[in-house]
Amino acid sequence: MTDAEIEDIEIRLFFEAMALRHGYDFRNYARASMKRRVLALAQSQGCRELSALIPRLLHDQDFLAQALAHLSVPVTEMFRDPQVFLALRRDVLPVLDSFPRISVWQPGCATGEEPYSLAILLKEEGLLHKAQIYATDINDVALAKAEEGIYPARHLAAFSQNYQQAGGKAALANYFHTAYNFSKIDDEIRERIVFAHHNLVADGVFCEVNLVLCRNVLIYFDRSLQNRVLSLFHDCLVRGGYLCLGNRESLQFTDFADRFRVIDRGNRIFKKREAVQ
Ligand SMILES: C[S@@+](CC[C@H](N)C(=O)[O-])C[C@H]1O[C@@H](n2cnc3c(N)ncnc32)[C@H](O)[C@@H]1O
């Protein structure tokens with residue numbers, strides 16, 4: 001057996017231990033990226049062999065948080081891929097305006113930049129007063145940051161460029177209060193978002209929504225897990241509800257390709273088909 005094959009066994013055992021001991025099931029995440037992350041975790045702990053991580057996982061309560069921080073990568077930014085937000089502003093929000101209330105689910109919200117971006121979009125299109133955003137993630141450290149809504153002021157400069165490209169109607173700084181190099185999101189924006197722990201692998205649907213915005217999360221899942229998660233999205237969307245995925249994600253080759261109509265292929269915007277009678 002080669003070293004690489006032995007390493008694959010160690011990785012499988014690590015994820016078995018994680019699922020059995022802590023209930024976090026990463027076994028259906030895409031292999032290559034998880035392998036990179038477990039290797040990085042082992043390196044950060046000074047472990048020469050991956051299997052040395054397993055006793056830590058089983059017996060050291062404090063280790064779980066460190067392991068999860070390595071396995072979930074909450075990389076995000078405000079108005080990431082601005083053309084997607086421009087398309088939502090132009091093509092989706094005007095349709096949602098016909099509803100008396102607008103509910104949105106953003107799974108994999110990381111540190112909150114994406115839900116705050118959407119809330120700003122809703123505000124500028126005159127819809128925020130009737131909107132409710134549920135922003136969820138498995139990473140509690142990221143969620144705590146999201147809930148605070150405080151970001152280094154220097155990040156705002158980069159985010160501002162995205163915001164302008166997304167058709168921003170004011171200055172991004174108008175939605176923040178800046179002091180001592182930190183910028184805090186305005187309460188009016190913050191109040192429309194509920195941040196909560198939700199695990200797409202294990203948890204069910206908890207609301208009915210008009211839009212699911214889930215970007216750069218499915219890419220980490222294998223096909224069977226993508227199908228599970230897409231079934232959650234399909235179940236929670238109202239008829240004619242919208243689904244927006246990340247730029248490198250698609251419904252093609254999933255069980256849900258026929259259940260959604262493509263609205264904007266480039267920006268990965270789909271609409272739930274009416275049920276067949
Ligand atoms: C790369 S970030 C994407 C952030 C944001 N959606 C964006 O596109 O900028 C992926 C997020 O998915 C979250 N995630 C990974 N597995 C998850 C799961 N099973 N349930 C919920 N969130 C998960 C991670 O914790 C991380 O915050």
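Me: Which helix joins β7 and β8 in a β-α-β unit, and what is the handedness of that unit?

Reply: A crossover is called right-handed if, with the strands pointing away from the viewer, the path from the first strand over the helix to the second runs clockwise. Here β7, helix α10 (residues 223-236) and β8 make a right-handed β-α-β unit, where helices (H or I, at least four residues) and strands (E, at least two) are DSSP runs numbered from the N terminus. This is a predicted model, in which local features need pLDDT of at least 70 and side-chain atom pairs count only at pLDDT 80 or more, while totals for chains, interfaces and linings use all residues. Residues are numbered from 1 along each chain as its sequence is written.

Me: Which strands pair with β7?

Reply: Two strands pair if DSSP finds at least two bridges between them. Strand β1 (residues 102-107) runs parallel to β7 and is joined to it by 2 bridges, with Val104 opposite Leu211 in β7. On β8 (residues 237-245), also parallel to β7, the count is 5 bridges, and Cys214 stands opposite Leu245 there.

Me: Why is β7 described as largely enclosed by the rest of the structure?

Reply: A residue is buried if 20 or more other C-beta atoms, placed from the backbone, lie within 10 Å of its own, exposed if 12 or fewer, and partly exposed in between. Since 6 of the 6 residues of β7 (residues 209-214) are buried, the strand is largely enclosed, whereas of the 277 residues of the protein chain 36% count as buried.
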